[in-house]
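Hi,

Here is the structure I promised to pass on. Have a look at it first, and my notes follow below.

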Amino acid sequence: MTIKTLKARILRVLRSSLPAPAPSASPPLSPTKPGGAVVLAADVLSDDAFFLDAHETPTKINLPAGPIDDDWELVDQQDGDDQDSLASAPAPAPAPDLDDLLREFPARCPPGGEKAVVLYTTTLRGIRKTFEDCNEVRALLENLAAAFQERDVSMDRGLRQQLWAATGEKAVPPRLFVHGRDIGGAAQVLALHEDGRLISLLQLSSHTPTSTAASSSTKKGKCAACGGLRFVVCGECDGSRKVFDGEHGGVRCRGCNENGLVMCTLCSYPS
């Protein structure tokens with residue numbers, strides 16, 4: 001048997017073992033022609049077949065018939081959701097009113113203190129504790145940039161009478177009044193400052209017209225006439241507390257206090 005005869009038999013056996021191809025309506029496309037496509041069986045794609053289980057089928061996704069042309073609908077819907085969330089958010093708490101904050105303090109108003117912050121102090125060093133308390137409260141109000149009227153009882157006896165009349169007792173300075181309310185002495189003022197409530201009282205009271213005018217004058221610095229002491233020497237008696245007339249001679253000056261001083265006309269307290 002020749003080699004050619006053996007090769008022919010092997011080819012016939014191989015052809016007989018292959019399955020017959022399924023009849024197709026159209027002839028297969030040639031891969032050599034332009035525009036042709038090669039149709040491969042599903043089992044040929046062995047690499048892709050491992051992604052799917054033999055017992056499962058891929059999930060079918062239903063896509064809309066046509067694409068979404070109007071993208072503004074999504075934007076408008078998102079804006080509407082934002083407005084709904086803002087509308088549902090809780091409203092901020094209203095700012096506290098000055099009258100509500102002052103309601104817990106007793107109503108004791110010194111002269112001219114209905115719409116102002118008034119601090120009674122003393123510059124007399126006779127009692128060290130009282131002097132240091134006055135300096136501490138005064139420095140606290142100045143550091144808080146509060147517009148206040150300082151009334152030194154050691155410079156005028158009438159101011160001490162004002163303090164006693166307002167409190168109904170022989171109160172010792174320092175004493176703070178805010179819009180006709182008695183805040184208290186040094187211990188009460190410092191306690192309010194530690195709680196963070198004093199700054200609220202002073203900030204709300206600074207929006208009133210009287211306090212605003214006092215604040216604008218305070219920012220300019222010390223008074224050029226009195227140097228911040230609030231008192232000047234009486235111009236009628238030159239501080240001697242006596243004036244002379246032709247009939248009675250020397251009489252007591254009625255324009256100054258017991259120290260021969262008068263309140264400064266540029267930064268005087270309201271009467």
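**Notes on helix 7 and its surroundings**

G196, just after helix 7, takes a positive phi of about 80 degrees. Before going on: this is a predicted model, with local features needing pLDDT of at least 70 and side-chain atom pairs counting only at pLDDT 80 or more, while totals for chains, interfaces and linings use all residues. Numbering runs from 1 along each chain as its sequence is written, and side-chain values use heavy atoms, with hydrogens and water left out.

Helix 7 covers residues 186-195 (helices are DSSP runs of H or I, at least four residues; strands are E, at least two; both numbered from the N terminus). Its A186, V189 and L192 are buried (under 20% relative accessible area, with exposed over 50%; 1.4 Å probe, protein chains only). Seen down the axis, the buried residues fall within an arc of 135 degrees, so they line one face of the helix (the arc is taken from the directions from the helix axis to the C-beta atoms). On the other side, A187, E194 and D195 are exposed.

V189 is also in contact (heavy atoms within 4.5 Å) with V137, L140, L176, I183, G184 and L198, leaving aside neighbours within four places in sequence.

Now for D182, in strand 4 (residues 181-184). At 3% relative accessibility, D182 counts as buried. Its side chain makes a polar contact with the side chain of R108 (3.0 Å); such a contact is a pair of N or O atoms within 3.5 Å, one able to donate a hydrogen and the other to accept it within protein, and residues adjacent in sequence count only if both atoms are side-chain atoms.

Cheers
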